[in-house]
Amino acid sequence: MFDPVHLRSFLAVARTRSFTAAARRLNLRQSTVSQHVGKLELAAGRRLFLRDTHSVDLTADGSVMVGFATSILERHSDAERYFTQSGVRGRVRFGASEDLVLHELPHILGEFRRSHPLVDLELTVALSEVLFRQLHEGRLDLVFGKRRRGDRHGELVWSDRLAFFAAPDFVPDTEGPVPLVTYPPPSITREAALDVLEKSGRGARVACVTDSLNGLRAACLAGLGVVFHAETLPPAGLAPVRMRSCDEWGPAVDVEFVLGARRSVLSEPEQALRAAILENADRLRA
């Protein structure tokens with residue numbers, strides 16, 4: 001009843017709230033995305049979006065369709081993988097930063113395990129700098145984490161912007177050092193936050209240090225301060241800090257999510273995992 005192609009276009013619009021952005025993400029024309037959504041609405045017999053010249057919002061039926069579409073496409077992908085799976089076997093020691101693990105990555109790894117049951121996947125979760133050090137020491141085979149813009153290690157998956165997040169009711173002081181909730185060294189986001197706040201003239205007061213993202217969330221929700229984090233992977237329950245101007249706390253800072261490999265020629269299991277991550281990059285940053 002529902003064409004997977006139409007469902008993918010629908011989800012892209014639902015996630016971006018823009019037909020233009022969805023078309024860019026899918027590498028399609030905007031008119032094509034509109035046609036897909038229109039055909040899906042016709043098949044469902046319901047209106048899925050409320051749209052005008054300024055905004056695109058889901059209807060109540062559209063919100064329900066998001067869940068159905070996600071499930072249908074996951075099962076569709078599972079079926080494709082099951083009937084096309086090869087006899088790839090072996091081990092992959094895989095490292096991922098925690099901000100990735102607490103979003104869509106576990107679902108993608110689950111699908112990888114189901115489609116490659118002969119691959120032994122070992123997962124390590126840590127700070128990106130720690131993971132890449134372990135990669136260079138030969139203790140990991142693949143790493144999915146962050147690098148500073150301008151660094152050259154790893155294969156770029158997507159670029160992101162770092163932003164300050166806090167509890168929804170957090171009101172920043174207009175003067176004095178900014179209370180910062182952060183990872184311990186060697187953390188890329190810690191280093192970036194301290195640098196940008198120093199350049200802004202405000203400076204930072206480290207209010208909490210924790211080695212887990214859940215710890216960062218808990219401290220922010222308790223009102224202890226703000227965390228510098230990738231915009232596309234916001235910690236659950238936190239909101240962007242409201243500022244009078246976009247550069248009030250310093251210039252914008254970019255970060256890059258990359259895949260790093262221990263060797264230049266990947267094994268079959270490593271190639272398969274790399275392909276699974278790259279093919280699902282849009283899901284990871286949605």
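These legends walk through five close-up views of a predicted model.

**View 1. The largest nonpolar core of the model.**
Let us start inside the protein, where the largest nonpolar core brings together 44 residues. Phe94, Leu105, Phe144, Phe164, Val226 and Leu273 are the members with the most contacts inside this core. If you would like places to begin looking, try these six names. A further core, made up of 19 residues, lies apart from the largest one. Leu7, Phe19, Leu48 and Leu73 are among the residues of that other core.

**View 2. Leu105 and its partners.**
Here we stay with Leu105, one of the residues with the most contacts inside the largest nonpolar core. Which residues does Leu105 touch once its neighbours within four places in sequence are left aside? Its contacts are then Phe94, Ala96, Leu100, Phe144 and Leu284. Two of these partners, Phe94 and Phe144, are also named among the core residues with the most contacts.

**View 3. The largest cavity.**
The model holds 2 cavities of 30 Å³ or more, and the largest has a volume of about 40 Å³. Around this space you will find Asp99, Lys146, Tyr183, Thr189, Phe228, His229 and Ala230. Strand E9, residues 227-230, gives the largest share of the lining, with 3 residues. Sorted by class, the lining has 3 nonpolar, 2 polar and 2 charged residues.

**View 4. The second largest cavity.**
This cavity encloses about 30 Å³ of space. Its lining consists of Leu180, Val181, Thr182, Tyr183, Thr189, Arg190, Ala193, Val227 and Phe228. Tyr183, Thr189 and Phe228 may look familiar, for they also line the largest cavity. Which elements each supply at least two residues of this lining? They are strand E7 (178-182), helix H8 (188-200) and strand E9. By class, the residues here are 6 nonpolar, 2 polar and 1 charged.

**View 5. The largest pocket.**
Our last stop is the largest pocket, with a volume of about 500 Å³. It is lined by 17 residues, and those closest to its centre are Arg8, Arg15, Leu73, Asn280 and Arg283. Helices H1 (4-16), H2 (19-26), H4 (60-84) and H11 (281-284) each give two or more residues to the lining. The largest share, 5 residues, comes from helix H4. How many residues of each class line this pocket? There are 4 nonpolar, 3 polar and 10 charged residues. Leu73 links this view back to the first, since Leu73 also belongs to the core of 19 residues.

Conventions:
Residues are numbered from 1 along each chain as its sequence is written. This is a predicted model: local features need pLDDT of at least 70, side-chain atom pairs count only at pLDDT 80 or more; totals for chains, interfaces and linings use all residues. Side-chain values use heavy atoms; hydrogens and water are left out. A nonpolar core is a set of buried Ala, Val, Leu, Ile, Met, Phe, Trp, Tyr and Cys residues joined through side-chain atoms within 4.5 Å. Buried means under 20% relative accessible area, exposed over 50%, partly exposed in between (1.4 Å probe, protein chains only). Contact means heavy atoms within 4.5 Å. On a 1 Å grid over the protein atoms alone, a cavity is a set of points where a 1.4 Å probe fits but cannot get out, and a pocket is an open set with protein on both sides within 12 Å along at least five of seven lines; lining residues have an atom within 4 Å of a point. Grid points are joined across faces, edges and corners, and a volume is the space filled by probe spheres set on the points. Helices (H or I, at least four residues) and strands (E, at least two) are DSSP runs, numbered from the N terminus. Ala, Val, Leu, Ile, Met, Phe, Trp, Tyr, Cys and Pro count as nonpolar, Asp, Glu, Lys and Arg as charged, and the others, Gly among them, as polar.
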